[in-house]
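I have my notebook open and a fresh model to look through. Here is what I looked up, entry by entry.

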Amino acid sequence: MTQVRQPLDAGLRALESEAIYVIREVFGQFERPILLFSGGKDSIVLAHLAARAFAPARVPFKLVHVDTGHNFEETLAFRERFAESLGCDLVVKQVQELIDAGRLVEEPGPHPSRNGLQTQTLLEAIADLKADAAMGGARRDEEKARAKERFFSFRDRFGQWDPKAQRPELWSLFNGRKHPGEHFRVFPLSNWTELDIWRYIAAREIEMPSLYFSHRRHVILRQGVLYADTPYTAALPGETVLEKEVRFRTIGDATCTGAIESRARTIEEVIVELGLTRVTERNTRGDDKRSEAAMEDRKRLGYF
């Protein structure tokens, strides 16, 4: 697959500089920061920026992935290869281990998802690693609850978030002061859009998982979302497995991440497609469709 390198224009340079500044601020203000890494495009770009921020030294943060056990195989293979390419330490925390230990219970019902079970696994990972800041690739343009997040977003000692109790951020002054047991979630890509991410990927020639590009796949149309046919999303009575040419705009747990019909097979074709679409990125996420405030409710409990 031949890609045509796109220029890094002034807008992307400004976003890149801002994100690197925030990453370096985290390194300066916190003792044990981590970088949350899902293998999706945003966390890949964030890890790439962390590498640029400290080059030629190694990234001084661990990459942490909360693995639901229902992730796409392509994501897991890419995760290992990408972390190794950056020379980063990768820590994987398994939701299954908490289920086996009796600390989490599988969701009942016809469409169970482990998406919500990631919260407790993440909070225990932060505690185990004694992390005082967890950086992630969330962006304000993704979803209205994420739009409320500051660059440095405070979490109490239970890992909970109160959007009305965040600290003001004047210009580029970030306040990371906290008490023992509290931590911050930090979002260096807050001001980026989905299109910015893809234009930056093209300009910096960053490798992406194959799931982001059009391919033929067996899928199931369920409640308006095209789910991949996997052992965790098997067709229910009355549902039909279809074969379609699809790609994914977001990558997460297979039980809540939907695909879109698409013929975009290259980064350039993805950029063109995004310029024409009028459907939001999170429209394919079953977890966000559960209620009007689904994301905010999860985030208040500690979800990323």
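**Entry 1: a pair of strands.** I started at His65, whose bridge partner in E3 is Val92. This is a predicted model, so I keep that in mind throughout. The two strands involved, E2 (residues 62-67) and E3, run in the parallel sense and pair over 5 bridges. A reminder for myself: strands of a sheet pair through backbone hydrogen bonds, either parallel or antiparallel.

**Entry 2: the whole sheet.** Next I asked in what order the strands of this open sheet lie. I found 6 strands in the order E3-E2-E1-E4-E6-E5, and their pairing is mixed. Which strands stand at the edges? They are E3 (90-94) and E5 (152-155); each has a single partner strand, so one side of each is left without a neighbour in the sheet. I also noted the turn between neighbouring strands here, which is 30° on average, direction ignored.

**Entry 3: helices on the sheet.** I then looked at what packs on this sheet. Helix H1 does, touching E1 (33-36), E4 (133-135), E5 and E6 (183-186). The direction of H1 makes about 45° with that of E5. Helix H3 (residues 73-86) packs on the sheet too, where it touches E2 and E3. Its direction makes about 170° with that of E2.

**Entry 4: H1 meets H2.** Two packed helices are described by the angle between their axes and the distance between the axes. For H1 (residues 10-29) and H2 (residues 41-54), I noted that the axes come within 9 Å and cross at roughly 75°. H1 and H2 are therefore roughly perpendicular to each other. From H1, the residues in this contact are Glu16, Ala19, Ile20, Ile23, Arg24 and Phe27. From H2, they are Leu46, Leu49, Ala50, Arg52, Ala53 and Phe54. How many of the contact residues are nonpolar, polar or charged? I get 9 nonpolar, no polar and 3 charged.

**Entry 5: a barrel.** Further along the chain, 4 strands close into a barrel in the order E7-E8-E10-E9, with antiparallel pairing. Neighbouring strands of the barrel are turned by 65° against each other on average, direction ignored. I picked one pair to follow: E7 (residues 215-222) and E8 (residues 225-228) share 4 bridges in the antiparallel sense. Arg222 stands opposite Val225 in E8.

**Entry 6: salt bridges.** Side chains of opposite charge can pair when their charged atoms come close. The structure holds 28 salt bridges, and I looked up a few.

- Glu207 and Arg81 meet at 2.9 Å, N to O. Glu207 lies in the loop between H7 (194-204) and E7, and Arg81 in H3, so the pair ties together parts 126 residues apart in sequence. Glu207 is partly exposed at 45% relative accessible area, and Arg81 is partly exposed at 42%.
- Arg199 and Asp196 meet at 3.7 Å, N to O. Both lie in H7, 3 residues apart, about one turn of the helix. Are they buried or exposed? Arg199 is partly exposed at 23%, whereas Asp196 counts as buried at 14%.
- Glu273 and Arg247 meet at 2.8 Å, N to O. This pair links Glu273 in H8 (residues 267-276) with Arg247 in E9 (residues 241-247), 26 residues apart. Arg247 is buried, with a relative accessible area of 0%.

My last note is on a network of salt bridges, which links Lys41, Asp42, Arg139, Asp141 and Glu281.

Methods: Residues numbered from 1 in each chain as written. Predicted model: local features only at pLDDT ≥ 70, side-chain atom pairs only at ≥ 80, totals over all residues. Heavy atoms only, no water. Axes fitted to C-alpha atoms, helices over the stretch in contact; angles between N-to-C directions. Parallel < 35°, antiparallel > 145°, perpendicular 65-115°, else oblique. Contact = heavy atoms within 4.5 Å. Nonpolar A, V, L, I, M, F, W, Y, C, P; charged D, E, K, R; others polar. Pairing = 2+ DSSP bridges. Salt bridge = Lys/Arg side-chain N within 4 Å of Asp/Glu carboxyl O. Buried < 20%, exposed > 50% of the residue type's maximum accessible area, 1.4 Å probe, protein only.
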